[in-house]
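New to this one? Here's a quick tour to read with the structure open beside you.

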Amino acid sequence: MKPAPFEYHAPTTIADAAGLLADLGDGAKVLAGGQSLIPMLALRLAVFDHLVDVGRIAELHGIERRGDALWVGAGTTEAAVGASVEVASSVPLLAKATPFVGHFQIRNRGTLGGSIAHADPAAEYPAVALALDASMDVVSSRGSRTIAARDFFDGLWSTSMETDELLAGVSFPIWGGRCGFAVEEFARRYGDFALAGVAVAIELDGDDRVRRSALGLIGMGSTPERAVTTEAQLAGQPVTEVDAEEVGRSAVAGLEAVPSDLHGSADYRRQLGAAMVARAWRTASAEARHG
Ligand SMILES: Cc1cc2nc3c(=O)[nH]c(=O)nc-3n(C[C@H](O)[C@H](O)[C@H](O)COP(=O)(O)OP(=O)(O)OC[C@H]3O[C@@H](n4cnc5c(N)ncnc54)[C@H](O)[C@@H]3O)c2cc1C
């Protein structure tokens with residue numbers, strides 16, 4: 001099938017894009033890499049009268065250190081994120097998540113901002129953003145604001161951005177000290193969305209106790225999920241005494257909206273999720289201890 005007819009707009013500044021979104025109202029949709037939006041239009045799962053292509057806006061591209069955070073422009077491709085030395089050294093969790101995002105052809109077109117704005121609970125970047133307490137820079141013709149990741153993902157494929165707002169960039173806090181990071185997921189075929197997965201960050205103190213940890217669950221609810229109860233229980237524990245299997249069981253215990261479909265029941269996904277968490281915990285804690 002082909003998309004329903006639409007009018008195409010290609011602004012070259014954030015201000016122009018914001019102006020178009022304000023003027024065109026609900027009939028307009030931002031187009032970035034098109035890797036999620038175009039299939040939806042082609043299948044007529046969504047119809048918009050106007051597409052505002054943000055791919056030519058230079059201000060949306062780039063990766064730069066801003067204080068204690070790494071800012072990634074929304075229009076930065078997933079491939080550029082994966083190839084960035086700065087991302088690999090400052091936000092290793094983002095670098096480790098990138099190879100799991102579809103296939104390289106998709107990552108060449110797909111953008112970090114598109115993935116986060118699309119807010120698929122089975123996508124990797126939203127879970128990483130949630131785990132690391134990232135903040136989203138959002139712009140409209142009414143002004144700009146910052147939305148914390150915990151307030152951003154508010155439902156299935158839904159965010160707290162208004163329809164006239166544009167995601168300009170995402171700031172990922174940089175974790176220093178004795179840290180370890182791991183992403184584990186299970187998908188039926190390479191490049192498919194995960195049936196269940198997790199992004200784990202751990203920081204240890206000098207005595208090998210857990211100073212803090214972050215567990216962002218992938219595909220385990222209607223939004224990316226954060227295992228906050230488990231994280232609180234882990235704080236202060238000697239990492240060598242933590243049972244990774246128990247971390248896995250605990251992380252999925254309180255989940256209320258685990259999907260169930262022809263790819264796997266909710267029970268299956270829970271077991272899978274627990275196994276992925278255990279695996280990632282082991283990898284991340286070993287990296288934090290031994291570098
Ligand atoms: C076969 C296939 C497999 C895939 N597998 C995975 C996978 O395993 N993991 C994964 O995470 N993703 C996967 N994807 C999706 C891919 O990562 C997309 O690139 C991404 O979800 C959307 O990015 P995009 O730049 O293409 O956005 P688009 O498709 O252009 O837009 C997606 C949505 O975000 C909105 N949007 C985009 N940019 C902005 C912005 N700056 N401000 C406000 N709203 C914006 C659009 O309006 C639209 O609603 C897959 C895609 C395909 C086709």
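Let's start with a pair of residues: Ser135 sits opposite Ala148, which belongs to strand 7. Keep in mind that this is a predicted model. From that pair, we'll look at the strands around it, then at one serine, another sheet and the ligand.

**Strands 6 and 7**
- Strand 6 covers residues 135-140, and six bridges tie it to strand 7.
- The two strands run antiparallel.
- A hairpin of two residues takes the chain from strand 6 into strand 7.
- In general, strands of a sheet pair through backbone hydrogen bonds, and they can do so parallel or antiparallel.

**A closer look at Ser144**
- You'll find Ser144 in strand 7, which spans residues 143-148.
- Which residues does Ser144 contact, leaving aside its neighbours within four places in sequence? They are Asp137, Val138 and Val139.
- Ser144 counts as partly exposed because it has 13 C-beta neighbours inside 10 Å, and the partly exposed class lies between 12 or fewer (exposed) and 20 or more (buried).
- Val228 is 84 residues away from Ser144 along the chain, and the C-alpha atoms of the two are separated by 29 Å.

**The sheet of strands 11 to 14**
- Four strands make up an open sheet here, in the order 11-12-13-14, with antiparallel pairing.
- Its edges are strand 11 (178-186) and strand 14 (225-226), each of which pairs on one side only.
- Strand 12 (residues 196-204) and strand 13 (residues 210-218) run antiparallel and are joined by eight bridges.
- To spot a matched pair, look for Ala199, which stands opposite Gly216 in strand 13.

**Around the ligand**
- How many residues surround the ligand? There are 30, and the ones that come nearest are Gly33, Gly102, Gly110, Gly114 and Ala123.
- Sorted by class, this shell has 15 nonpolar, twelve polar and three charged residues.
- Which element gives the largest share of the shell? That's helix 7, with five residues.
- Helix 7 spans 112-118, and the elements that each supply at least two shell residues also include strand 2 (28-31), helix 2 (37-42), helix 6 (104-109), helix 8 (124-131) and strand 10 (166-173).
- Domain 1 (7-53) and domain 2 (58-173) each give at least three residues to the shell.

Note on methods
Residues are numbered from 1 along each chain as its sequence is written. This is a predicted model: local features need pLDDT of at least 70, side-chain atom pairs count only at pLDDT 80 or more; totals for chains, interfaces and linings use all residues. Two residues are in contact if their C-beta atoms, placed from the backbone, lie within 7 Å. Two strands pair if DSSP finds at least two bridges between them. A residue is near a molecule or strand if its C-beta atom, placed from the backbone, lies within 6 Å of it. Ala, Val, Leu, Ile, Met, Phe, Trp, Tyr, Cys and Pro count as nonpolar, Asp, Glu, Lys and Arg as charged, and the others, Gly among them, as polar. Domain bounds come from an automatic or database domain assignment.
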